[in-house]
Amino acid sequence: MTGRIRTAVRVEGIVQGVGFRPFVYGLATRLGLGGLVGNDADGVFAEIEGDPAAVARFLVLLEREPPPLARIDKVVTRDLAPAGTDGPAGFAIAPSTPAGPPTPALVTADNATCAD
C-alpha cells in the first residue's frame, strides 16, 4: 500500500459528551480517510489511515475546528503500520471502553441555556 500512512491519535481535554466522536467521524469521512474513533477513560482515541496529505489536513482541522463545547488540552500522535483501511466506508465509531482505572472525565457545564 504505497503512499498511505496510518496514524494513532490521542486527544485529551473536554472531549467527551460534546459530540467529539461524531465530529472526528465526519472529518475523517469528508477527507476520504479510513480508521476508527472511540473513547476511553483517558479521552478520545483514533486511528486514521489514507493519503499523507489528507492525514496531515485531518490533524490540522482536528485542532482548528472542534465541536463548540470541546476543549482540547493535548493531542498526541504516533505512526502505525498501514492496515489497508480505505475511505469513508472503512471508518467507524468504536464502542466506548470502560477498561482501565476510573479517572474523572472532564465534562462541560450544563449548556441548556446556550442557543447553539
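Which backbone nitrogen lies 2.9 Å from a polar atom of the side chain of E49? I would like to start there this morning, keeping in mind that what we are looking at is a predicted model. The backbone nitrogen in question is that of A83, and the side chain of E49 also reaches a second one, the backbone nitrogen of G84, at 2.8 Å. E49 itself sits in strand β3, and with a relative accessible area of 1% it counts as buried, because the cut-off for that word is under 20%.

Let me step back to the chain as a whole. It holds two helices and five strands, and if you read along the sequence you meet them in the pattern β-α-β-β-α-β-β. Of the 116 residues, 36% are buried, and the chain exposes about 6500 Å², of which carbon and sulfur atoms supply 56%. When we take the contacts between residues at least 6 apart in sequence, 81% of them join residues at least 24 apart.

Now to the interior. In soluble globular proteins, nonpolar side chains tend to be buried together. Here the largest nonpolar core has 22 residues, and the members that touch the most other members are V11, F20, V24, L33, I48, F58 and L62. At least two residues of this core come from each of β1, α1, β3 and α2. To take one of those members, I48 touches, leaving aside residues up to four places away in sequence, a set of residues including I5, V9, L33, V55, F58 and F91, and also the polar or charged R6 and T7.

That brings me to helix α2, which covers residues 52–64 and, with 13 residues, reaches 18 Å from its first C-alpha to its last, close to the 18 Å expected at 1.5 Å a residue. Its buried residues are A54, V55, F58, L61 and L62. Seen down the axis of α2, these buried residues fall within an arc of 130°, so they line one face of the helix. As for the general background, an α-helix has 3.6 residues a turn, so residues three or four places apart point the same way. The cover over the buried residues of α2 includes β1, α1, β3 and β4, whereas the face turned away from that buried side carries the exposed residues A53 and R64.

Finally, which residue caps the N-terminal end of α2? The answer is D51, whose side chain places an oxygen 3.0 Å from the backbone nitrogen of A53.

Terms used
Residues numbered from 1 in each chain as written. Predicted model: local features only at pLDDT ≥ 70, side-chain atom pairs only at ≥ 80, totals over all residues. Heavy atoms only, no water. Helix = DSSP H or I, 4+ residues; strand = E, 2+ residues; numbered from the N terminus. Expected span 1.5 Å × (residues − 1). Buried < 20%, exposed > 50% of the residue type's maximum accessible area, 1.4 Å probe, protein only. Arc of directions from axis to C-beta. Contact = heavy atoms within 4.5 Å. Polar contact = N/O pair within 3.5 Å; in protein donor to acceptor, adjacent residues only side chain to side chain. Areas by Shrake-Rupley, 256 points an atom, 1.4 Å probe, with all protein chains shown as cover. Core = buried A, V, L, I, M, F, W, Y, C linked by side-chain atoms within 4.5 Å.
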